[in-house]
Amino acid sequence: MGYLLVDDTASGGLKREYDTVSCKHCQAVIKVKRESGNWCRNCSGPVCDNMECVKRCVPFFKKVEEKLRRQALFKSIGV
Ligand SMILES: [Zn+2]
Ligand SMILES: [Zn+2]
């Protein structure tokens with residue numbers, strides 16, 4: 001669960017607030033805009049609109065190792 005603030009006031013737009021959740025499969029941030037989203041019963045959680053996430057259950061913890069490796073790479077190049 002999280003919170004996202006989109007501030008378009010600099011370009012003459014509106015400041016909008018969203019509640020956000022994370023996709024159980026890829027950790028993408030999902031803006032909560034409607035009641036009916038994609039839901040994985042196996043993970044008991046929301047998943048994003050990505051077809052890979054909708055069709056297959058690939059829980060995020062299986063990808064954590066890859067993510068950690070990527071973060072280590074980012075760290076090594078100073079990002
Ligand atoms: Zn996803
Ligand atoms: Zn799942």
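Which residues is Cys48 in contact with, leaving aside its neighbours within four places in sequence? In this predicted model, the contacts of Cys48 are Cys23, Cys26, Ala28, Ile30, Asn38 and Cys53. The legends below begin with the chain as a whole and then turn to individual views.

**View 1. Overall arrangement of the predicted chain.** The model is predicted, and the chain contains two helices and five strands. Along the sequence the elements follow the pattern β-β-β-β-β-α-α. Of the 79 residues in the chain, 9% are buried. Among contacts with a separation of 6 or more, 24% join residues that lie 24 or more positions apart.

**View 2. Surroundings of Cys48 and the largest nonpolar core.** Cys48 is located in the loop between E5 and H1. This residue counts as buried because it has 20 C-beta neighbours inside 10 Å, and 20 is the number from which a residue is classed as buried. The largest nonpolar core has five residues, namely Cys23, Ile30, Val47, Cys48 and Cys53. Cys23, Ile30 and Cys53 also appear among the contacts of Cys48 once its neighbours within four places in sequence are left aside. The C-alpha atoms of Cys48 and Val29 are 7.8 Å apart in space, although the two residues are 19 residues apart in sequence.

**View 3. The hairpin of strands E2 and E3.** Strand E2 (15-22) and strand E3 (29-31) pair in the antiparallel sense over three bridges. Within this pairing, Val21 has Ile30 in E3 as its bridge partner. Ile30 also belongs to the largest nonpolar core. None of the eight residues of E2 is buried, so this strand lies largely in the open. In a regular strand the side chains alternate between the two faces of the sheet.

**View 4. Gln27 in the connection between E2 and E3.** Six residues separate the two strands of the hairpin, and Gln27 is found in this loop. The phi of Gln27 is near 65 degrees, which is a positive value in a residue other than glycine. Is Gln27 buried, exposed or partly exposed? Gln27 counts as partly exposed because it has 13 C-beta neighbours inside 10 Å; a residue with 12 or fewer would be exposed.

**View 5. Ser44 in the loop between E4 and E5.** Ser44 is placed in the loop between strand E4 (38-40) and strand E5 (45-47). Its phi is near 50 degrees, again a positive value in a residue other than glycine. Because Ser44 has 8 C-beta neighbours inside 10 Å, this residue counts as exposed.

**View 6. Trp39 of strand E4 and Val54 of helix H1.** Trp39 is found in strand E4, and Val54 is part of helix H1 (residues 51-55). The two residues are 15 residues apart in sequence, with a C-alpha to C-alpha separation of 7.9 Å. Trp39 counts as exposed because it has 12 C-beta neighbours inside 10 Å. Val54 has 15 such neighbours and therefore counts as partly exposed. With residues up to four places away in sequence not counted, Trp39 touches Pro46 and Val47. On the same basis, Val54 touches Asn38 and Val47. Val47 is thus listed for Trp39 and for Val54, and it is one of the residues of the largest nonpolar core. Asn38 is likewise listed among the contacts of Cys48.

**View 7. Helix H2 and the residue Gly78 that comes just after the helix.** Helix H2 (residues 64-76) has 13 residues. From its first C-alpha to its last, H2 reaches 18 Å, close to the 18 Å expected at 1.5 Å a residue. How many of the 13 residues of H2 are buried? The count is zero, and the helix is hardly covered. An α-helix has 3.6 residues a turn, so residues three or four places apart point the same way. Just after H2, Gly78 takes a positive phi of about 80 degrees.

Notes. Residues numbered from 1 in each chain as written. Chains lettered and ligands numbered in written order. Predicted model: local features only at pLDDT ≥ 70, side-chain atom pairs only at ≥ 80, totals over all residues. Core = buried A, V, L, I, M, F, W, Y, C linked by C-beta atoms within 7 Å. Contact = placed C-beta atoms within 7 Å. Helix = DSSP H or I, 4+ residues; strand = E, 2+ residues; numbered from the N terminus. Expected span 1.5 Å × (residues − 1). Pairing = 2+ DSSP bridges.
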